[in-house]
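I opened this entry to look up how the pieces of one chain are packed. My notes follow the display.

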Amino acid sequence: MDHSTMPIEDHYLIPSYSKLPFSVEKGQGCYVFDEQGNRFLDLYGGHAVALLGHSHPALIQAMVDQASKLFFYSNVAYNSARAMAAKSLVDWVGGDRQVFFSNSGAEANENALKLAQIVTGKDHFVSFSGSFHGRTQGALAMTGIRKYRDSSSSKVQFAKFGDIEDLERRLDGSVAAVMFEAIQSLSGVVTASKEYFQAAVKLCKNTDTLIIFDEIQTGLGRCGHEMYFHDIDINPDFVTLAKGAAGGYPVGITLAKRDLVKDLKPGHLGSTFGGGPLACALITKTLSILKNDHLVGRAREQGDKILSILKNTRHIHEVRGQGLLLGLKTDVPASDLIQRFLKKGIIVGGSLDPHIVRLLPPLTLSDKDISLFEHALREIF
Ligand SMILES: Cc1ncc(COP(=O)(O)O)c(C=O)c1O
């Protein structure tokens, strides 16, 4: 393979993404390799997906084992991989919950919204300025079957993130659910205080408003806790997961409190591929590796090590986030810094804030990898 694959991709794909200037052909642990075999330390984790690093041998084995038993069967029949994945997820997230499987983060959120609408009978929602929850739009609005489309019309208000009075003004009893992205990653790793979230929960309770927590980036250990909502001591009605939940295999997960959804009828939700055996085998394996390798604590430890390095770094004025979801505020444009890191063989991410560089590395990040980052940082500045 040579350089010619990049123009081919440009020619045949609808131009939807700005691209890194190389083709990733191989991954191993925290590293990826381009066509020429150049190695890059991946502190962006393939878009926060490579929770366990790239091509983890135990995930490969789990995939091969499941694929050779059963590649796919839909939800019309029971399947042991699906049963185990759902049980492992509920054990991980905690509480008495039930699971719905889909294929992406956006779908996981759509299903949470839909459930909230069905169980409350209300069709207004509140979200927040700066939040990101996915790109699907209008798939249901385009659906010609009325019984499906009826539950999809939603009216959304956007509250100011972190401003409790603004949220209070919007919660008047007509809102089905509030959806939180508790650390707004794409906006530049914007956070709010524990007190804010706890006050928001009280407001929701007093106005019969359900709470949806989008933990697609913050969950599964990345922020140094099994789930971010554990850290801020709240108990959302719905939780959504995706990204690295199956180690890089596409999956969307919506968890709901059992008492909210236990009387749902077949037909309300559905997905052909959601809950497929391959994805499910990989979810169970991912969670068992996270647990057995103590990667949640490791995310916290490695995040703290990076923080202490950054504290003493010129041009870095603030570090946001926690664990291994970090936003570095710099006086250098983030786009320049990303290029400078690339020249040093390190992939870091940008955000919508032109002065924030994001780090979303695998939780398996080693001390040696952190030293490499530190060394590059010193050279760059
Ligand atoms: C917080 C959050 N929610 C939802 C999504 C959408 O996930 P997907 O791209 O898998 O649809 C993303 C993706 O980046 C995300 O970061």
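**The seven-stranded sheet**

I looked up the first sheet and found seven strands in an open arrangement, ordered S4-S10-S9-S8-S7-S5-S6, with mixed pairing. I noted that strands and helices are DSSP runs numbered from the N terminus, a helix being H or I with at least four residues and a strand E with at least two. Two strands pair if DSSP finds at least two bridges between them. The model is predicted, so I kept its limits in mind: local features need pLDDT of at least 70, side-chain atom pairs count only at pLDDT 80 or more, and totals for chains, interfaces and linings use all residues. Residues are numbered from 1 along each chain as its sequence is written.

Which strands stand at the edges of this sheet? I found strand S4 (97–102) and strand S6 (155–159), each of which pairs on one side only. Inside the sheet, I checked strand S7 (residues 175–180) and strand S8 (residues 210–214), which pair in the parallel sense over four bridges. Opposite Met179 I found Ile212 in S8.

**Helices on that sheet**

I then looked at what packs here, taking two residues as in contact if their C-beta atoms, placed from the backbone, lie within 7 Å. Helix H4 (residues 80–93) lies across S4, strand S9 (238–241) and strand S10 (252–257), and runs at about 125° to S4. H5 touches S4, strand S5 (124–128), S7, S8, S9 and S10, and its direction makes about 25° with that of S10. For such angles, axes are lines fitted to C-alpha atoms, for helices over the stretch in contact, and angles run from 0 to 180 degrees between N-to-C directions.

**The ligand**

I counted a residue as near the ligand if its C-beta atom, placed from the backbone, lies within 6 Å of it. There are 13 residues around the ligand, and Ser104, Gly105, Ala106, Gly134 and Ile216 come nearest. Helix H5 (residues 105–120) gives the most to this shell, with three residues. I sorted the shell into four nonpolar, seven polar and two charged residues. In this sorting Ala, Val, Leu, Ile, Met, Phe, Trp, Tyr, Cys and Pro count as nonpolar, Asp, Glu, Lys and Arg as charged, and the others, Gly among them, as polar.

**Helix H11 and its partners**

The axes of helix H3 (residues 57–69) and helix H11 (residues 277–292) come within 9 Å and cross at roughly 150°. H3 and H11 are therefore roughly antiparallel (an angle over 145 degrees). On the H3 side the contact includes Ala58, Leu59 and Ala62, and on the H11 side Pro277, Leu278 and Ala281. I sorted this contact into ten nonpolar, two polar and one charged residues.

H4 also packs on H11, at an angle of about 35° with the axes 8 Å apart. Among the residues in this contact are Trp92 of H4 and Cys280 of H11.

**The three-stranded sheet**

I looked up a further open sheet, of three strands in the order S11-S12-S14, with antiparallel pairing. Strand S11 (316–322) and strand S14 (356–359) each have a single partner strand, so one side of each is left without a neighbour in the sheet. S11 and strand S12 (residues 325–330) pair over six bridges, and I found Gly327 in S12 as the bridge partner of Arg320. Helix H12 (residues 295–311) touches S11, S12 and S14, and its direction makes about 170° with that of S11. Helix H13 (residues 334–343) lies across S12 and S14, at about 45° to S14.

Technical notes. Angles under 35 degrees count as roughly parallel, over 145 as roughly antiparallel, 65 to 115 as roughly perpendicular and the rest as oblique.
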